[in-house]
Amino acid sequence: MLNIEIDEGSGFCFGVTTAINKAEEELAKHHQLYCLGDIVHNGRECDRLREMGLEMIDHEAFSKLHDTKVLLRAHGEPPSTYEQAERQGITIIDATCPVVLGLQRRIKRVYHDYPDAQIVIYGKPGHAEVLGLVGQTNGTAIVIADISEIDRVDMNRTTFLFSQTTKSLDGFQQVVEHMTQHIVAPAEFHYFDTICRRVANRLEGVRDFAKKHDVVLFVSGLKSSNGRVLCEACCSVNPRTHLIDDPEALDPAWLEGASTVGICGATSTPKWLMERCAEKARSLINN
């Protein structure tokens, strides 16, 4: 008999939970609300909220709105978004994650206090959170995705290094070690470990979970940076790990010969979606 276990530690982080709760509260009162960008990097959860009346828009559509309410998701936004909202009479429902908000404030403070220094952000270029962080520096921060891009950093300048909250802690340490070894005096190097521990601590958790099972189904939106990091952690200890964003994507061949299946997900994956994947796996085996 196939044993299926859903990882208790997987599912929405605090920031995503707060953003979705705020959206649901507003929709319960008015049945219609705009959200700037996908409220969460999970297509199935976005579809559920659309059915409730949440309309997810891009910045171009945002620029055409007036006298309405717009929710800002957990990833955060640059100062220019708030300024634009004020000009257009838009009421902001701010669901920026407190961890991200604290990081934004810290970067902004360093930018103003050390005008001659360079600010480096270890993060995914173009990611919503990173755009909000770069916005705190009027667009001057240098973004590097990993150690292979370290040559973009001037080692002769005093440097402050920050990290996108959902990036890999190991990758961040590689950048820190390189900068520490190669910064040229009298330039100084300062770094701030701003990686969210809800994500960093999950790495070891999903590795341990993946080791326990013959097959792992990692449930995540395909656009989730956090999901990609956690899925790679599962793959590193269990080669029979499969990334899926929908129960219908489950291939019966993946389950052949397995006696245990573990289902886990990103901090942007709803529990109900993992449960549906479990139901799908059971139905495939029973049939």
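## Sheet packing and the enclosed helix H6

In this predicted model, Val70 has Ile92 of S5 as its bridge partner. The two strands concerned, S4 (residues 69-72) and S5, pair in the parallel sense over four bridges. They belong to an open sheet of four strands, ordered S3-S2-S4-S5 with parallel pairing. Strand S3 (54-57) and strand S5 (91-94) form the edges, each pairing on one side only. On average, neighbouring strands of the sheet are turned by 35 degrees against each other, direction ignored.

Two helices that pack on this sheet are set out below.

| Helix | Strands touched | Angle between directions |
|---|---|---|
| H1 (residues 14-30) | S2 (33-36), S3, S4 and S5 | about 160 degrees with S4 |
| H4 | S2, S4 and S5 | about 145 degrees with S5 |

Helix H6 (residues 128-135) is largely enclosed by the rest of the structure, because seven of its eight residues are buried. These are Ala128, Glu129, Val130, Gly132, Leu133, Val134 and Gly135. The buried residues of H6 pack against helix H4 (79-87), helix H5 (98-113), strand S6 (118-122) and strand S7 (142-144).

The axes of H5 and H6 come within 8 Å and cross at roughly 30 degrees, which means that H5 runs roughly parallel to H6. Their crossing is right-handed. Helix H5 contributes Val100, Leu103, Gln104 and Ile107 to the contact, and H6 contributes Glu129, Gly132 and Leu133. By character, the residues of the contact of H5 with H6 comprise four nonpolar, two polar and one charged.

Definitions and conventions: Residues are numbered from 1 along each chain as its sequence is written. This is a predicted model: local features need pLDDT of at least 70, side-chain atom pairs count only at pLDDT 80 or more; totals for chains, interfaces and linings use all residues. Side-chain values use heavy atoms; hydrogens and water are left out. Buried means under 20% relative accessible area, exposed over 50%, partly exposed in between (1.4 Å probe, protein chains only). Contact means heavy atoms within 4.5 Å. Axes are lines fitted to C-alpha atoms, for helices over the stretch in contact, and angles run from 0 to 180 degrees between N-to-C directions. Angles under 35 degrees count as roughly parallel, over 145 as roughly antiparallel, 65 to 115 as roughly perpendicular and the rest as oblique. A crossing is left-handed if the near helix is turned anticlockwise from the far one by less than a right angle, and right-handed if clockwise. Ala, Val, Leu, Ile, Met, Phe, Trp, Tyr, Cys and Pro count as nonpolar, Asp, Glu, Lys and Arg as charged, and the others, Gly among them, as polar. Two strands pair if DSSP finds at least two bridges between them.
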